[in-house]
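Visitor: Could you take me through the salt bridges of this protein chain, one pair at a time? I would also like to know where the partners sit and how well they are covered.

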Amino acid sequence: MAILIRGGTVVNADASQRADVLVEGGTIKAVGPGLAAPAGAETLDAGGALVMPGGIDPHTHMELPFMGTVASEDFFSGTSAAAAGGTTMIIDFVIPNPQEKLLEAYRKWRGWSQKAATDYSFHVAVTWWDDSVPKDMGTLVEKHGVNSFKHFMAYKNAIMADDEILVKSFLRARELGALCTVHAENGELVFHLQQALLKAGITGPEGHPLSRPPAVEGEAANRAIRLAQVLGVPLYIVHNSCREAVEAIARARGEGQRVFGEVLAGHLLVDDSVYRHQDFATAAAHVMSPPFRPKEHQAALWRALQAGTLQTTATDHCCFCAPQKAMGREDFTRIPNGTGGVEDRMQVLWHHGVNSGRLTPNEFVAATSANAAKIFNIYPRKGVVAPGADADLVVWDPKKTRRISAKTHHQKIDFNIFEGMEVEGVNVVTLSQGKIVWRDGDLRTEKGAGRYIDRPPFPAYYQALLQKAALERPAPVLRDAAE
Ligand code: URQ
Ligand code: ZN
Ligand code: ZN
């Protein structure tokens with residue numbers, strides 16, 4: 001059925017305009033003033049509200065098996081909670097166990113995600129290497145719409161990719177026209193610091209940030225950037241949490257290297273005092289990696305988002321409830337890493353980003369939707385209110401308020417890292433594929449309605465650019481050898 005959203009202001013990453021929006025059959029049919037409602041169409045009066053692209057969260061982990069347990073949020077409840085907060089698409093992660101074939105892991109995750117309520121896609125992690133891995137990477141790109149491969153530089157003795165794997169995988173991704181992404185923490189240093197802290201008798205959650213100081217993240221971010229530079233591949237660094245990582249990205253981008261950066265809503269707003277909470281459950285609930293940082297890092301992250309050094313925002317939504325977190329009661333290295341936020345991202349970023357004057361509404365759309373769509377090559381299907389785009393939209397009331405709480409959120413987790421936060425500016429309606437899935441507190445998502453979204457490899461010009469650059473200006477190490 002057609003829906004005509006009347007009287008709103010359409011806000012895209014590039015511009016805003018007073019316009020009606022006509023959606024039908026899951027896509028946007030028309031955007032413009034004074035649109036006529038087709039016979040039988042439902043009319044939504046947006047009267048003064050904003051109409052924006054639905055949020056895209058490029059970093060979630062629904063029902064992730066991790067650290068001896070499984071994340072409590074599943075693909076249906078998580079995409080439903082996301083819709084309640086204005087996010088209409090997630091990019092989740094297939095994370096093969098070492099020795100697990102990438103294609104088998106991909107099929108397993110596709111099975112789990114059948115229940116998703118809104119659209120989704122997958123990054124695939126390269127956590128080990130043998131001859132099957134580059135083959136499966138090729139099949140995933142050529143046949144399954146995967147255009148991004150993740151590398152955890154942390155989590156030694158589990159899913160950590162060492163430099164050998166990084167080099168082999170980055171080169172294979174380049175052949176395929178896929179984007180390399182990294183979790184940038186030096187896993188060897190984390191392991192050493194964890195053992196030293198435990199030996200010194202520090203076993204509580206306060207040990208978590210001590211084992212992963214900003215230098216551990218800054219080193220890995222810079223190493224990944226240099227590897228990408230020498231190998232001639234673009235790079236996307238997930239969940240940058242500290243000044244050191246942002247400085248590494250700013251330097252590389254300033255030298256013309258194609259490096260993208262993501263920041264989590266949590267890292268922009270929550271600081272490391274949470275780990276010194278007397279109550280184990282509260283401190284443990286905030287254990288995620290990289291950890292929440294001292295306040296000065298938040299200012300650096302906001303500046304980087306404003307400056308365009310960081311392009312996307314995400315949540316790393318990876319939920320574990322109190323009994324699961326208690327697995328690390330005697331040893332902080334056993335606390336499952338992860339926090340929630342997929343329902344709150346858009347609203348906390350509007351309140352602390354736009355209401356504070358840090359971001360314009362257009363920059364908000366770029367940071368919460370359009371940039372992720374462009375970087376992961378699904379724009380303008382996603383990330384814009386324009387004819388032909390998927391009808392994933394929010395009607396946003398900048399004056400409506402919400403008090404965030406685990407007591408009222410839709411996320412399947414017994415804790416909220418933004419507990420008690422008052423925000424002004426919320427989605428009053430969310431549409432997914434042209435259907436109303438959220439309206440004034442009424443969540444109407446349907447299990448299985450979500451679609452898997454193919455993400456094509458990057459256009460040929462990407463490869464041409466890379467090859468041209470490599471030919472014209474051999475990587476430094478080759479140039480030195482040539483001289
Ligand atoms: O590292 C990640 O991104 C996953 C395993 C979620 N957990 C976390 O602490 N960030
Ligand atoms: Zn990570
Ligand atoms: Zn993650």
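Guide: Happy to; here is a walk through the salt bridges, with a few words on the whole chain at the end. Please bear in mind that this is a predicted model, in which local features need pLDDT of at least 70, side-chain atom pairs count only at pLDDT 80 or more, and totals for chains, interfaces and linings use all residues. Residues are numbered from 1 along each chain as its sequence is written, chains are lettered from A and ligands numbered from 1 in the order in which they are written, and side-chain values use heavy atoms, with hydrogens and water left out.

The structure holds 27 salt bridges, each being a side-chain nitrogen of Lys or Arg within 4 Å of a carboxyl oxygen of Asp or Glu. Let us start with glutamate 185 and arginine 212, whose side chains meet at 2.8 Å, N to O. Glutamate 185 lies in the loop between β12 (179-183) and α5 (187-199), while arginine 212 lies in the loop between α6 (207-210) and α7 (214-231), so this pair ties together parts that are 27 residues apart in sequence. Helices (H or I, at least four residues) and strands (E, at least two) are DSSP runs, numbered from the N terminus. Glutamate 185 is buried, at 0% relative accessible area, and arginine 212 is buried too, at 3%. Here buried means under 20% relative accessible area, exposed over 50%, and partly exposed in between (1.4 Å probe, protein chains only).

The next pair is arginine 276 and aspartate 272, with the closest N and O atoms 3.5 Å apart. Arginine 276 counts as exposed, at 52% relative accessibility, whereas aspartate 272 is buried, at 15%.

Then come aspartate 442 and arginine 444, whose closest N and O atoms are 2.8 Å apart. Aspartate 442 is partly exposed, with a relative accessible area of 37%, and arginine 444 is partly exposed at 38%. Elsewhere, salt bridges that share partners join Asp119, Arg381, Lys382, Asp390, Asp392 and Arg451 into one network.

As for the setting, the protein chain has 16 helices and 19 strands, and 62% of its 483 residues count as buried. Its C-alpha trace spans about 65 × 60 × 40 Å along the principal axes. Among contacts (heavy atoms within 4.5 Å) between residues at least 6 apart in sequence, 77% join residues at least 24 apart.
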